[in-house]
Amino acid sequence: MYIPSCPRELPTRETSFNVVPQYYNGVRDFHYQPYDYHASSSLESCSCSSGSDSSRTSFRGPWCICIVVCVVVATLTAGLGLPLALSPQIQPQTPEERLSVVRRLLKEVPLIDGHNDLPWNLRKFVHNKLVKLNLSAIAQEEPWSKSRWSHTDIPRLRAGQLGAQFWSAYVPCKAQHLDAVQITLEQIDVIKRLVEYNSQHFALVKSTNELMSIHKEGRIASLIGVEGGHALGNSLAVLRTFYNLGARYLTITHSCDTPWATGTNTQTQEGLSAFGKSVIKEMNRLGMIIDLSHTSMNTAKAALNVSHAPVIFSHSSAFSLCNSSRNVPDDVLKLIAHNGGVVMVNFYTFHVTCNETATIQDVIKHINHIRTVAGIDHVGIGAGYDGINMTPTGLEDVSRYPHLLAELLADPDWSEKDITSLAGLNLLRVFEKVEEIRDKWKRAEILPVEDTAPPMHNPCSSIYS
């Protein structure tokens with residue numbers, strides 16, 4: 001019987017990596033699919049021949065040596081592959097095991113919360129006087145200990161393994177056209193002093209590189225977010241000043257309208273004015289994240305259409321599960337996916353269940369809904385602690401983040417990679433893209449926007465405004 005000769009080389013399988021990310025309005029669509037390839041699961045048999053047609057058998061013939069090599073290779077392959085096939089990675093089974101996995105992951109990847117209102121409580125409770133404030137002991141001190149609005153201190157932050165926090169420089173809508181700019185500056189100042197006085201635990205950061213570096217040190221990276229476009233006083237110069245002081249996102253509106261954008265409580269169908277679009281453009285140029293929580297959906301859609309960089313909802317949930325005007329409807333969730341942005345789920349019960357009670361499972365429903373509609377790359381966490389007075393059972397304060405992630409890990413649809421995406425990698429991707437757009441525009445020598453808002457007849461303004 002003729003035995004075909006063994007090929008000198010195995011055939012080479014060419015691999016194509018031609019898949020190109022898609023773009024929408026000039027912004028990368030992060031839902032591109034990477035090339036997927038699989039090695040053949042079957043072993044090709046090969047026979048070897050000495051080239052002789054003799055019926056005589058010789059154990060010293062080269063074809064026999066080749067057969068022995070093939071048998072050894074096949075045996076080793078089966079020996080290594082079969083145990084792996086029969087013993088897939090064992091998922092953590094108990095709550096304690098899942099919590100242990102989450103705690104390990106959060107040492108590798110920073111948990112980033114999009115919104116915390118502790119700075120406003122500092123203004124309410126101690127009038128921004130921090131010298132005598134012990135942030136490690138306020139849970140036992142009045143008025144903190146008796147307030148339903150207080151969920152944050154250093155021990156609980158450490159227990160919650162928070163890696164980075166956007167602290168809110170919030171100003172009420174009542175300050176619009178009055179002293180909003182001054183109050184915002186004071187809130188930025190109190191955030192910076194809070195971080196400085198507690199430098200063992202916190203560090204102010206202004207970039208993704210700084211954020212990751214501080215997380216590796218074991219401290220909490222602290223970022224500033226200005227909440228409410230009325231804080232600008234209709235001035236792009238003020239916007240630039242806030243950025244230079246360290247602010248890395250601006251919530252375009254609070255619940256109230258500004259002269260250039262509409263908020264959640266608007267009575268009109270307006271979105272962004274021409275000056276509002278200039279605000280978006282200048283934020284792109286600066287490298288400042290656009291936050292659409294509290295905006296009307298018309299403003300949100302207009303901003304999504306104008307921005308060259310991904311945007312966020314820093315503390316909002318899913319409108320389909322709770323029809324609060326603060327939450328994001330499915331059509332906008334799909335636009336967020338095209339834009340490459342992130343919706344950071346809020347824990348306020350009235351935004352979770354639209355009533356006074358909610359549980360950790362109700363929050364998970366919002367996370368899963370956003371994941372289903374927009375994708376795993378477009379969901380994050382923006383609890384809103386210290387700015388809410390009702391929290392879900394199981395998510396009472398900032399110590400409970402790992403428990404939320406451990407509950408998600410109990411679902412076989414959630415992998416460890418998915419957990420890290422939700423916890424912080426999605427927001428990091430947005431931040432990096434915002435910085436990339438900034439650097440690209442800087443190389444292109446795009447100049448600051450010098451547009452001005454239409455003049456307002458305000459008794460509190462001078463003729464020089």
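What share of the 465 residues in the chain is buried?

## Overall composition

In this predicted model, buried residues make up 51% of the 465 residues in the chain. The secondary structure consists of 14 helices and 11 strands, and the accessible surface of the chain comes to about 23,300 Å², of which carbon and sulfur atoms hold 53%. Among the contacts in the chain with a separation of 6 or more, 73% are accounted for by residues that stand 24 or more positions apart.

## Ser293 and the segment around Ser314

Ser293 sits in the loop that runs between strand S8 (289-291) and helix H9 (297-306). Because its relative accessibility is 0%, Ser293 counts as buried. Leaving aside residues up to four places away in sequence, Ser293 touches Thr251 and Thr253, and also Ile312, Phe313, Ser314, His315 and Ser316.

One of these partners, Ser314, can be described in further detail. Ser293 and Ser314 are 21 residues apart along the chain, yet their C-alpha atoms are separated by 6.0 Å. A polar atom of the side chain of Ser293 lies 3.1 Å from the backbone nitrogen of Ser314.

## Asn327 and its backbone partners

Asn327 is found in the loop between strand S9 (312-313) and helix H10 (330-339). With a relative accessible area of 2%, Asn327 is below the 20% cut-off and is therefore buried. Its side chain has polar atoms placed 2.9 Å from the backbone oxygen of Cys322 and 2.9 Å from the backbone oxygen of His351.

Beyond residues up to four places away in sequence, Asn327 touches Met297, Ser316, Ser317, Ala318, Phe319, Cys322, His351 and His366. Ser316 appears in this list and is also touched by Ser293, while Cys322 and His351 are in contact with Asn327 and supply the backbone oxygens already described.

## Helix H3 and what follows

Which residues of H3 are buried? They are Leu118, Pro119, Trp120, Asn121, Leu122 and Val126, and the buried residues of this helix pack against strand S3 (111-116), S4 and H5. After H3 comes His127, whose phi is positive, near 55 degrees.

Pro143 belongs to the loop between helix H3 (118-126) and helix H4 (154-159). The peptide bond that joins Glu142 and Pro143 is cis, with omega at about 0 degrees.

## The two ends of helix H5

His177 lies in the loop between strand S4 (162-170) and H5, and although His177 is not a glycine, its phi is positive, at about 65 degrees. The relative accessible area of His177 is 33%, which means that this residue is partly exposed.

On the other side of the helix, Asn198 is found in the loop between helix H5 (180-197) and strand S5 (202-204). Is Asn198 buried or exposed? Asn198 is buried, because its relative accessible area of 14% falls under the 20% limit. When residues up to four places away in sequence are not counted, Asn198 touches Leu135 and Ile154.

## Asp386, a buried residue with positive phi

Asp386 is not a glycine, yet its phi is positive, at about 70 degrees. This residue is placed in the loop between strand S11 (379-381) and helix H13 (401-409), and its relative accessibility of 2% is why Asp386 counts as buried.

## The second largest pocket

The second largest pocket holds about 690 Å³ of space. Its lining is formed by 30 residues, and those closest to the centre of the pocket are Gly233, Asn234, Ser235, Ser461 and Ser465.

Which helix gives the most to the lining of this pocket? That helix is H7, with four residues; both H5 and helix H7 (236-244) supply at least two residues each. Sorted by class, the lining of the second largest pocket has 15 nonpolar residues, 12 polar ones and three charged ones. H5 thus enters the description in two places, as a contributor to the lining of this pocket and as a packing partner of the buried residues of H3.

How values were computed
Residues are numbered from 1 along each chain as its sequence is written. This is a predicted model: local features need pLDDT of at least 70, side-chain atom pairs count only at pLDDT 80 or more; totals for chains, interfaces and linings use all residues. Side-chain values use heavy atoms; hydrogens and water are left out. Buried means under 20% relative accessible area, exposed over 50%, partly exposed in between (1.4 Å probe, protein chains only). Contact means heavy atoms within 4.5 Å. A polar contact is a pair of N or O atoms within 3.5 Å; within protein, one must be able to donate a hydrogen and the other to accept it, and residues adjacent in sequence count only if both atoms are side-chain atoms. On a 1 Å grid over the protein atoms alone, a cavity is a set of points where a 1.4 Å probe fits but cannot get out, and a pocket is an open set with protein on both sides within 12 Å along at least five of seven lines; lining residues have an atom within 4 Å of a point. Grid points are joined across faces, edges and corners, and a volume is the space filled by probe spheres set on the points. Ala, Val, Leu, Ile, Met, Phe, Trp, Tyr, Cys and Pro count as nonpolar, Asp, Glu, Lys and Arg as charged, and the others, Gly among them, as polar. Accessible areas come from the Shrake-Rupley method with a 1.4 Å probe; for residues, only the protein chains shown count as cover.
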